[in-house]
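Q: I would love a close look at one part of this model, with its surroundings filled in as you go. Could you walk me through the way it packs?

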Amino acid sequence: MYSINEVEKMFGLPASTLRFYEKKGLLPQINRDTGGRRKYTQPELEWLQLVIALRNTGMTIDEIKAYVVLIQDESVSLEERRAFLFAHKQSVEAKMAQMFSNLEKINRKVAIYDAMIHERDGGKFLI
């Protein structure tokens, strides 16, 4: 079992964000000790890792909440749950491809500047 402070340090998230995620229903009901302090279990930490990955890849709080609802609804098939995540995966891949394309444009421009500087400085390379 882990305290909110330990989880905060493990994941680099403020305790306020952890409480917000719990309040929004993105995390399961976290157990509490006799003093009322949150105690996170390993499965909850694993779920939190997924939530963080979804947020870091652009999924909104509302979309994550919709996914949580799919998980909690036993009538929703595995195929439907997979389709939800697969659609997000495709979106992330498209964004990554666009970012890579943009990075290549920037790299080409940097190479042009490097060549110009090299030529200007009489063939000396900068380190």
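A: Helices here are DSSP runs of H or I with at least four residues, numbered from the N terminus. With that settled, please keep in mind that this is a predicted model. Let's centre the tour on α3, which covers residues 42-56. After α3 comes glycine 58, with a positive phi near 95°.

Begin with the helix itself. α3 has 15 residues, so at 1.5 Å a residue it should span 21 Å, and its end C-alpha atoms are indeed 21 Å apart. Its buried residues are Glu44, Leu45, Trp47, Leu48, Val51, Ile52 and Leu54. It may help to recall that an α-helix has 3.6 residues a turn, so residues three or four places apart point the same way.

Glutamine 42 also belongs to α3. Because its relative accessibility is 41%, glutamine 42 counts as partly exposed. Its C-alpha atom is 13 Å from that of isoleucine 4, although 38 residues separate the two along the chain.

Isoleucine 4 leads us to α1, which runs over residues 4-11. The axes of α1 and α3 come within 12 Å and cross at roughly 45°, so the two helices are oblique to each other. The crossing of α1 past α3 is right-handed. On the α1 side the contact uses Val7, Met10 and Phe11, and on the α3 side Leu45, Leu48, Gln49 and Ile52. Sorted by class, that contact has six nonpolar residues, one polar and no charged. Of the α3 residues just named, Leu45, Leu48 and Ile52 are among those buried.

Just before α1 sits strand β1, residues 2-3, which includes serine 3. With 18% relative accessibility, serine 3 counts as buried, because the cut-off is under 20%. Leaving aside residues up to four places away in sequence, serine 3 touches Arg38, Lys39 and Tyr40.

α1 has another partner in α2, residues 15-23: the two pack at about 105°, with axes 9 Å apart. That angle makes α1 roughly perpendicular to α2. Here Ile4, Val7 and Glu8 of α1 meet Ala15, Leu18 and Arg19 of α2. This contact is made up of four nonpolar, no polar and two charged residues. Val7 thus appears in the contact with α2 and in the contact with α3.

Now to α4, residues 61-72, whose twelve residues should span 16 Å at 1.5 Å a residue; the end C-alpha atoms are 16 Å apart, which agrees. Ile61, Ile64, Tyr67, Val68 and Leu70 are buried in this helix. The buried residues of α4 pack against α3, and also against α2 and α5 (78-120).

The last pair is α4 and α5, with axes that come within 10 Å and cross at roughly 165°. This makes α4 roughly antiparallel to α5, and α4 passes α5 in a left-handed crossing. From α4 the contact draws on Glu63, Ala66, Tyr67, Leu70 and Ile71, and from α5 on Glu80, Arg81, Phe84 and Leu85. Those residues divide into six nonpolar, no polar and three charged.

Back at our starting point, then, α3 meets α1 in a right-handed crossing and packs against the buried residues of α4.

Technical notes: Residues are numbered from 1 along each chain as its sequence is written. This is a predicted model: local features need pLDDT of at least 70, side-chain atom pairs count only at pLDDT 80 or more; totals for chains, interfaces and linings use all residues. Side-chain values use heavy atoms; hydrogens and water are left out. Axes are lines fitted to C-alpha atoms, for helices over the stretch in contact, and angles run from 0 to 180 degrees between N-to-C directions. Angles under 35 degrees count as roughly parallel, over 145 as roughly antiparallel, 65 to 115 as roughly perpendicular and the rest as oblique. Contact means heavy atoms within 4.5 Å. Ala, Val, Leu, Ile, Met, Phe, Trp, Tyr, Cys and Pro count as nonpolar, Asp, Glu, Lys and Arg as charged, and the others, Gly among them, as polar. The expected span of a helix is 1.5 Å times one less than its number of residues. Buried means under 20% relative accessible area, exposed over 50%, partly exposed in between (1.4 Å probe, protein chains only). A crossing is left-handed if the near helix is turned anticlockwise from the far one by less than a right angle, and right-handed if clockwise.
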